[in-house]
Amino acid sequence: MNETVRPRPIELRLREDNTQLSVTYDNGQRHHFTAEFLRVESPSAAVKGHGPGQAVTVSGKRSVRILRLEPVGRYAVRIVFDDGHATGLYSWEYLAKLGREQKILWAAYLRQLEEKGLSRD
């Protein structure tokens, strides 16, 4: 069987003020995420919905912080935020996707906020 080799995180580092998470992969790749970005892109059903067209735009998270990281097996991390959100499991694959698409996703998020008259604050 021919399996695709995917980069695996070797380090997750939370900045001292809990506003940013850095993920380093075994291939040397590194992604930096703000807590706000991770919160609004949570893979949870509360954010993404249960099917197409059910995603919600999360606003008011500019000041959100990460309280802790909880390993989930060998495939994901649960991120617990200071606003009480803790239901999203960030798989290694999902974190890599967020890293690759961060600029596009962030621009789309800001556009959605503007279109809906919502704020980051």
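The largest nonpolar core of this predicted model comprises 19 residues, and the members that touch the most others are Leu38, Ile79, Tyr90, Leu95 and Leu98. Several elements contribute to this core: strand S2 (20–25), H1, S5 and H3 each provide at least two residues. Helix H3 gives the largest share, with 6 residues.

Leucine 38 illustrates how this core is assembled. If neighbours within four places in sequence are set aside, leucine 38 is in contact with Leu21, Phe33, Ile66, Ile79, Phe81, Tyr90, Leu95 and Leu98. Apart from the largest core lies another one, of 5 residues, which includes Val40, Val47, Tyr109 and Leu113.

Aromatic side chains add a further layer to this picture. In general, two aromatic rings are described by the distance between their centres and the angle between their planes. In this model, the count comes to 4 aromatic pairs. One of them joins phenylalanine 33 and phenylalanine 37, whose rings are stacked, with 6.0 Å from centre to centre and 5° between the planes. The pair counts as stacked because its planes are under 30 degrees apart. Both partners are shielded: phenylalanine 33 is buried with a relative accessible area of 0%, and phenylalanine 37 is likewise buried, at 2%. Tyrosine 90 and tyrosine 94 form a tilted pair instead, with 6.2 Å between centres and 50° between planes. These two tyrosines are also buried. Phe33 and Phe37 belong, together with Trp106 and Tyr109, to one aromatic cluster. Two members of this cluster recur in the contacts described above: Phe33 is in contact with leucine 38, and Tyr109 is part of the core of 5 residues.

The charged side chains may be considered next. Across the whole structure, 10 salt bridges are found. In one of these, the side chains of arginine 120 and glutamate 36 meet at 2.6 Å, N to O. Arginine 120 lies in the segment after helix H3 (92–116), while glutamate 36 belongs to helix H1 (residues 35–40), so the bridge ties together parts that are 84 residues apart in sequence. The two partners differ in burial: arginine 120 is partly exposed at 22% relative accessibility, whereas glutamate 36 is buried at 5%. The assignment of arginine 120 follows because buried residues must fall under 20% relative accessible area.

Helix H1 takes part in a second salt bridge, in which arginine 39 meets aspartate 83 at 2.8 Å, N to O. Arginine 39 lies in H1 and aspartate 83 in the loop between strand S5 (76–81) and strand S6 (89–91), so this pair connects parts 44 residues apart in sequence. Here arginine 39 is buried, at 10% relative accessibility, and aspartate 83 is partly exposed, at 31%.

Which residue also meets aspartate 83 in a salt bridge? The partner is lysine 61, at 2.7 Å, N to O. This pair again links distant parts of the chain: aspartate 83 sits in the loop between S5 and S6, and lysine 61 in the loop between helix H2 (45–48) and strand S4 (66–72), 22 residues away. Lysine 61 is buried, with a relative accessibility of 15%. Arg39, Lys61 and Asp83 are thus linked in a network of salt bridges.

Taken together, helix H1 supplies residues to the largest nonpolar core and also carries glutamate 36 and arginine 39, each of which takes part in a salt bridge.

Terms used:
Residues are numbered from 1 along each chain as its sequence is written. This is a predicted model: local features need pLDDT of at least 70, side-chain atom pairs count only at pLDDT 80 or more; totals for chains, interfaces and linings use all residues. Side-chain values use heavy atoms; hydrogens and water are left out. A salt bridge is a side-chain nitrogen of Lys or Arg within 4 Å of a carboxyl oxygen of Asp or Glu. Helices (H or I, at least four residues) and strands (E, at least two) are DSSP runs, numbered from the N terminus. Buried means under 20% relative accessible area, exposed over 50%, partly exposed in between (1.4 Å probe, protein chains only). Rings of Phe, Tyr and Trp (its six-membered ring) pair if their centres lie within 6.5 Å; planes under 30 degrees apart count as stacked, over 60 as edge-to-face and the rest as tilted. A nonpolar core is a set of buried Ala, Val, Leu, Ile, Met, Phe, Trp, Tyr and Cys residues joined through side-chain atoms within 4.5 Å. Contact means heavy atoms within 4.5 Å.
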